[in-house]
Amino acid sequence: MVRIIRLQDIVEEVQKHHPEADTSIIEKAYVFAARAHEGQLRKDGGPYLSHPLEVAYILARMGLGPRTVTCGLLHDTVEDTSTTIDELDEFFGEEITDIVNGITKISQLTFGDRRTQQAEYIRKMILSMSHDIRVLLVKLADRMHNMRTLGFMPPDKQRRIAQETLDIYAPLAGRLGMFRLKAELEDLAFFYLEPEAYQQIQEGLARKKGEREKYIREICDLLRLKLEEHGLKGEVSGRLKHFHSIYRKLQAQQITLDELYDLLAFRIIVNSVSDCYEALGVIHAIFRPVPGRLKDYIGMPKANMYQSIHSTVIGPYGERMEIQIRAQEMHRVAEEGIAAHWSYKERRAYTAKDAERFTWLKQMVDLQKELKTPTEFLEGVRLELYPDEVYVFTPQGEVKELPRGATPVDFAYAIHTEVGNRCTGAKVNGRMAPLRSELQNGDTVEIITSPHHHPSRDWLQFVKTTKARHKIRQWLKAAEQEQSIALGKEMLERDLRKNGVSLQKLLKEGDEIKRVAQELSFVRVDDLLAAVGHGKVSPGQVSNRILRTPPPAAGEPLLETPARKDREEGALRIKDLDDLLVRLANCCQPIPGDSITGYITRGKGVTIHRTDCAYLARTESFRQIPAEWDGSGDKKRVYPVRIQVVTVDKPGLLADITSALKIAEVNVTKASVETTPDRRGIAAFTIQVADQQHLDRVFAGLKRLKEVISVRRMTG
């Protein structure tokens, strides 16, 4: 039978942690919530009031004080009843009302697609918890009880809520150092998301339960005995790792449950920091430590205040086992995280200084301001919530926390944006290291900068932090904008000069060019110039408006420009740019039928490349513009193409090849032949074809020759 939480249970739990606390506000909130939710039922058929009672009890068990517990009782009153914010303020004051209001705002989302809604949901949660972390504490308690009663929901809703819990709430609990809560949320979500895997682990563990309990008792007795021999007093316990943690290990290592050895973790809780290190010495004297598996979170605490020593050792039967060593206060913080911090802060209001305890929270607040698209924001949140940290030092000894796999570039941006933007190299532990090298725990990193250096697009391939990625993209975008403006000025200046008009004079006077920018729907003149440089607006469109040239009559050509003439010959068309000099690239020799892209070259108009051209891949993307073939013109035009034919070396073969080319109706403008030591002939030809279909016919004709081994199109 499920135990029903009563008001008295909540009050007693609060008094257990806060013996002198005035709990009258909790009793007042209970009466208020009971009236507000009167007549409402939950999915299980029970009274709705049972939910806020459970939430309040979870908060009380965390050790939180009367005001936070009161918020748990009231958290749904504004959202799910006719209660108003003003009524809540009148009865309970500003502090409690602000927290309940923050919780209500998070839940009120009714727009956008699923991804946009999730991004906005997290955005509001981050803002609310940065104002008062207790908003998130109540939301976590609320989610905990909802997960415990999720079985009454339809299956599709179960999966959606469970996935959201695993993606957002469990990681947030971990970031707040609330590992007990995190473990339960993960296991409950795992139960609904992977029911078969959950059952397999449950049944597999049940089969060896007796054997495992015996092993735990044996190891705990041995640890207690050895600690006592060295005069150390402390609690020793062993536990099974939680189901979701086991599942992740099985998935990562691709093994079965029977092959997994580190199912257990042992914990030693002593009285002081010095006892922790002495206990570590005792453990390493009994069991052989596994190299590289010692983590000292006492000397270097995690950002969420977690402190403990973790050491993996070889147990008495040759198996690996993890032992955690911590002091009493460390254990309390490790179990409850920020809730433990709040348990003694109830006497005063939350301040900005409290938020500074969590640099990750500040980073997430900055993140939601800067990253506008849902995709970017959700990507950034995932990086912040799943950090798997490494701790590295500045030359002055300051510690920086970075995600696993972070590089010197991430470190540079963690110091300051300008340090990142001007980073030219790095020394790791006194030695020069590549910028893409992964940093390890304990590394000391020195960043070398230059005022003339700037971020590289290549950095985006290896940086790990959201801040670094965002700042690099921001710089590149600004640089591309400047380059586009300069290119746009050059193109427009050249076009206007043909009509005796000076762009510099227009820019100095301002009014005329501003008028044209507004007519073309640009806020600033620089935006117009950038659009010209980027190929979104043609120079002719701008100059025609400046010169007030009337629009052409129907069917009348605008200008007899090289691009227009080319188009009439059935060659190609540049989207939105009918007045630029156009030429075909010699490196890749595009022909009709190829996928093509235009590349704006200063003073040379647009060069057309095949989209897969190696040269194009190395060019600045802001100069690339869409282009396409227009097959409506003269079909007699031909284009040069270089081809290579590899054959068996045989006398008279060149004549056979040229005969096949003649049958395919192509003109050969250049030819060369050489033989290799393994008696193969390699012939290179420059031929003229009408389009891709014509080239296909050429290849088909050549491949019919039995001596031909391969035929390919050459580039470069």
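Here a student and a tutor talk through some features of a predicted model.

Tutor: Residues are numbered from 1 along each chain as its sequence is written, and side-chain values use heavy atoms, without hydrogens or water. Because the model is predicted, local features need pLDDT of at least 70 and side-chain atom pairs pLDDT 80 or more, while totals for chains, interfaces and linings use all residues.

Student: Happy to start! Why is Asp-89 called partly exposed?

Tutor: Buried means under 20% relative accessible area, exposed means over 50%, and partly exposed is in between (1.4 Å probe, protein chains only). Asp-89 has 37% relative accessibility, so Asp-89 counts as partly exposed. You will find Asp-89 in helix 6, residues 85–107; a helix here is a DSSP run of H or I with at least four residues, a strand a run of E with at least two, both numbered from the N terminus.

Student: Which residues gather with Asp-89 in a patch of negative charge?

Tutor: Asp-86, Glu-87, Glu-90, Glu-94 and Asp-98 join Asp-89 in that surface patch. Patch members have over 30% relative accessible area and no salt bridge, and like charges are joined within 9 Å. A salt bridge would need a side-chain nitrogen of Lys or Arg within 4 Å of a carboxyl oxygen of Asp or Glu.

Student: Why is the pair of Phe-32 and Phe-92 called edge-to-face?

Tutor: The structure holds 14 aromatic pairs. In this one, the ring centres of Phe-32 and Phe-92 are 5.4 Å apart and the planes stand at 85°, so the pair is edge-to-face. Rings of Phe, Tyr and Trp (its six-membered ring) pair with centres within 6.5 Å; planes under 30 degrees apart are stacked, over 60 edge-to-face, and the rest tilted.

Student: What makes this pair tie together parts that are 60 residues apart in sequence?

Tutor: Phe-32 lies in helix 2 (residues 24–36) and Phe-92 in helix 6, so their pairing links those parts. Both Phe-32 and Phe-92 are buried.

Student: Ser-521 and Gln-589 next: is Ser-521 buried or exposed?

Tutor: Ser-521 has a relative accessible area of 67%, so Ser-521 is exposed. Ser-521 is in the loop between helix 24 (511–519) and helix 25 (525–534), and has a positive phi of about 70° although it is not a glycine.

Student: And why is Gln-589 called buried?

Tutor: Its relative accessible area is 5%, so Gln-589 is buried. Gln-589 also has a positive phi, about 45°, without being a glycine, and is found in the loop between strand 12 (582–584) and strand 13 (596–601).

Technical notes. Patches are made of residues with over 30% relative accessible area and no salt bridge: like charges are joined within 9 Å, nonpolar side chains (Val, Leu, Ile, Met, Phe, Trp, Tyr) within 5 Å. Accessible areas come from the Shrake-Rupley method with a 1.4 Å probe; for residues, only the protein chains shown count as cover. Lys and Arg count as positive and Asp and Glu as negative; His and the chain ends are not counted. The place of a charge is taken as NZ of Lys, CZ of Arg, CG of Asp or CD of Glu.
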